[in-house]
Amino acid sequence: MTNLEAGSVPIGLQVSFCQAVSVLVSAYTLVAISVDRYLAIMWPLRPRLSGRLSHGAMLLVWVFAVLTALPIPMVTRLTQPDSWHAHCGKWVCLEDWPSPLYRHYYTLALMSLQYFAPLTVLLYTYTKIAIVIWGKRTPGEAENLRDQRLAKAKRKMVTMMITVVAAFTICWLPFNMLVTVWTYNDSLSDQQWLPELYFAFHWLAMSHSCLNPLIYCWMNARFRQSFRSVLRCGSLKRRPAALQHVHATTGAGLTCTSFRSNRKTTYLEDAL
């Protein structure tokens, strides 16, 4: 709710559009990561994505997210829904669709692109990866220490993939179910408990954005190591040149070059 100012973009419109884009970017990034892992596991001899292709994939994620959310600012209008808003000079941002049918179609399309399609891709890619990892026999003669280490890595990787998919499913399923029911049952708006339920489900869905870094940091030692190396590289750039030379020659910690080389390890080793 805001006062109308000439030439200004409503804050509610900015928040709605930015929120939609950020949510879609989060979902599409999960899909991109799962596809990258799928290609690395299914075809391990193929070269990994170059830096240019990785940047292109990130740009594609953002462009697709913006295009998916673009109808929101196109149909959102400033309005005064009742006499109280008109008397107080308050305006609210509401979606003004040409037809309720269009709103239903876009709601279903947005839900499919943000939830059901990414969930389907995650289930397919991670299931195939788990099958390949568990069914793959370690080459060479049996070695108890090596086999135990690889079995532990397999369990950690599969557990991490299950946790990522479960977090996405649990966080977004209640909110999407509520929106679906609300789309086909407008009388739900008259229920007194709807604001509290909507707030709870919306909070749960938005909390998913901060869960994935915590999951990777908790379950992947190489992620923690790489994160520390990135921070260390950033701190080195702010140090005097003499200190940077001493730090590099003494071998204290990982440098940016060694960090990039470490990224070429396999995903199975990343799980250790």
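Select His-208 to begin: this residue is buried, with a relative accessible area of 1%, where buried means under 20% relative accessible area, exposed over 50% and partly exposed in between, using a 1.4 Å probe and protein chains only. The model is predicted, so local features need pLDDT of at least 70 and side-chain atom pairs count only at pLDDT 80 or more, while totals for chains, interfaces and linings use all residues. Residues are numbered from 1 along each chain as its sequence is written, and side-chain values use heavy atoms, with hydrogens and water left out.

Keep His-208 in view and display the loop between helix 7 (194-206) and helix 8 (211-219), in which His-208 lies; helices are DSSP runs of H or I with at least four residues, strands are runs of E with at least two, and both are numbered from the N terminus. Next add Ser-26, Leu-30, Ala-167, Phe-168, Cys-171 and Trp-172, which His-208 touches when residues up to four places away in sequence are not counted, contact meaning heavy atoms within 4.5 Å.

Now move to helix 2 (residues 51-69) and select Val-61, Ala-65, Thr-68 and Ala-69, the buried residues of this helix. They cover an arc of only 95 degrees around the axis, which puts them on the same side of helix 2; the arc is that of the directions from the helix axis to the C-beta atoms. Turn to the other side of helix 2, where Arg-52, Leu-53, His-55, Leu-59, Leu-60 and Leu-67 are exposed.

Finally, select residues 105-127, a span that is 100% helix and 0% strand, with its end C-alpha atoms 31 Å apart.
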